Amino acid sequence: MKNLAVFSSGFGSNLQAIINAVKKGKVKVNIALVLSDKVDAYSLVRAKKAGIKFLYVDPALFLDRISYDKFIMRCLRKEKIDYIVLAGFMRIISDYFIKQYKNKIINIHPSLLPSFKGKQAILDALDYGVKCTGVTVHFVTSTLDGGPVIFQAALNIKDDESLESLSIRIHRLEHKLYLKAIDKLVKGKLVLRGRKVVVK
Ligand code: GRF
């Protein structure tokens, strides 16, 4: 079975969805490590409760970005990690990392990319007044929120939509879509043709 690392800086609802799916045998993968750059990330608590190895690596302890990344890379090698899933990880993944895990790192973003890149995608979509938004799962490349798209799912924004209600609906969609993508990823069924991802 393939080994998965989940990187999460925060609440970890996507992580929880992955944990639940793996427990139920819906996705066949071993979550070998949960890693966070934030000491108070609730995702660390979720990992602990689920009996999954977890690691907090404080960026402040490292001289620069590359030494931080190299340390993390050693941890990943130790755990024989095959794939990396970003789930609300708030640090930019460096080129060094991307080269080592080429086409093996995926991310989920709460908008229909390339619209509304960045940290406040749900709010930005709402403020812009678009009538539909959604969720994108994509490969991670050196372009922020710009890697090849694996799956997208859309939802309509209601006239009386609040940030809270939209966030809840987006997250529900994320949890389903991410599992589908992770399942295909670990089965080696995502094939890249240029920028296009073909699902086998
Ligand atoms: C999600 O909305 C995801 O799309 C974005 O960060 C958020 C993480 O949420 N990249 P959670 O920590 O999984 O609840």
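These are my notebook entries on the ligand site, the salt bridges and a few backbone features of this structure, which is a predicted model.

**Entry 1: the ligand site**

I began with the ligand and looked up where it is placed, and found that it sits in the largest pocket. I then asked which elements give two or more residues to the shell around the ligand. They are α1 (13-23), β5 (105-109) and α6 (163-186). Going residue by residue, I listed Phe11, Gly12, Ser13, Asn14, Gly88, Ile108, His109, Pro110, His171 and Glu174 as the surroundings of the ligand.

Next I looked up the polar contacts, and I noted three that involve an oxygen atom of the ligand. A polar side-chain atom of Glu174 lies 2.3 Å from such an oxygen, and for Ser13, again with a polar side-chain atom, I noted 2.6 Å. With Asn14 the partner is a polar backbone atom, and the distance to an oxygen atom of the ligand is 2.9 Å. As for how much of the ligand is covered, the protein takes up 83% of the 370 Å² of accessible area that the ligand has on its own.

**Entry 2: salt bridges**

I then turned to charged side chains, keeping in mind that side chains of opposite charge can pair when their charged atoms come close. Counting a side-chain nitrogen of Lys or Arg within 4 Å of a carboxyl oxygen of Asp or Glu, I arrived at five salt bridges, and I wrote down details for some of them.

Asp69 pairs with Arg65, with 3.9 Å between the closest N and O atoms, and since the cut-off is 4 Å, this pair counts as a salt bridge. Both residues belong to helix α3 (residues 65-78), where they are four residues apart, about one turn of the helix. I also checked the accessibility of each partner: Asp69 is buried at 5% relative accessibility, while Arg65 is partly exposed at 37%.

Lys38 and Asp37 form another salt bridge, their closest N and O atoms being 3.7 Å apart. Is Asp37 buried or exposed? Asp37 is buried, because its relative accessible area of 6% falls under the 20% limit. Lys38, by contrast, has a relative accessible area of 36% and is partly exposed.

For Lys187 and Asp183 I noted a salt bridge with an N to O distance of 3.1 Å. Asp183 is buried, with 15% relative accessible area.

**Entry 3: the loop between α3 and β4**

I looked next at the loop between α3 and β4 (83-86), in which Glu79 lies and where Lys80 is also found. Glu79 is buried, with a relative accessible area of 17%, whereas Lys80 is exposed, with a value of 61%. The phi angle of Lys80 is near 55 degrees, which is positive although the residue is not a glycine. I also compared sequence and space for Glu79 and Met1: they are 78 residues apart in sequence, and their C-alpha atoms are 13 Å apart.

**Entry 4: other backbone features**

A positive phi of about 55 degrees also turned up at Asp145, again in a residue that is not a glycine. Asp145 is found in the loop between β6 (132-139) and β7 (149-156), and at 11% relative accessibility it counts as buried.

Finally, I looked up which peptide bond is cis, with omega near 15 degrees. It is the bond from Leu113 to Pro114, and Pro114 has its place in the loop between β5 and α5 (121-128).

How values were computed:
Residues are numbered from 1 along each chain as its sequence is written. This is a predicted model: local features need pLDDT of at least 70, side-chain atom pairs count only at pLDDT 80 or more; totals for chains, interfaces and linings use all residues. Side-chain values use heavy atoms; hydrogens and water are left out. Buried means under 20% relative accessible area, exposed over 50%, partly exposed in between (1.4 Å probe, protein chains only). A residue is near a molecule or strand if one of its heavy atoms lies within 4 Å of it. A polar contact is a pair of N or O atoms within 3.5 Å; within protein, one must be able to donate a hydrogen and the other to accept it, and residues adjacent in sequence count only if both atoms are side-chain atoms. Accessible areas come from the Shrake-Rupley method with a 1.4 Å probe; for residues, only the protein chains shown count as cover. On a 1 Å grid over the protein atoms alone, a cavity is a set of points where a 1.4 Å probe fits but cannot get out, and a pocket is an open set with protein on both sides within 12 Å along at least five of seven lines; lining residues have an atom within 4 Å of a point. A molecule sits in a cavity or pocket if more than half of its atoms lie within 2 Å of its grid points.
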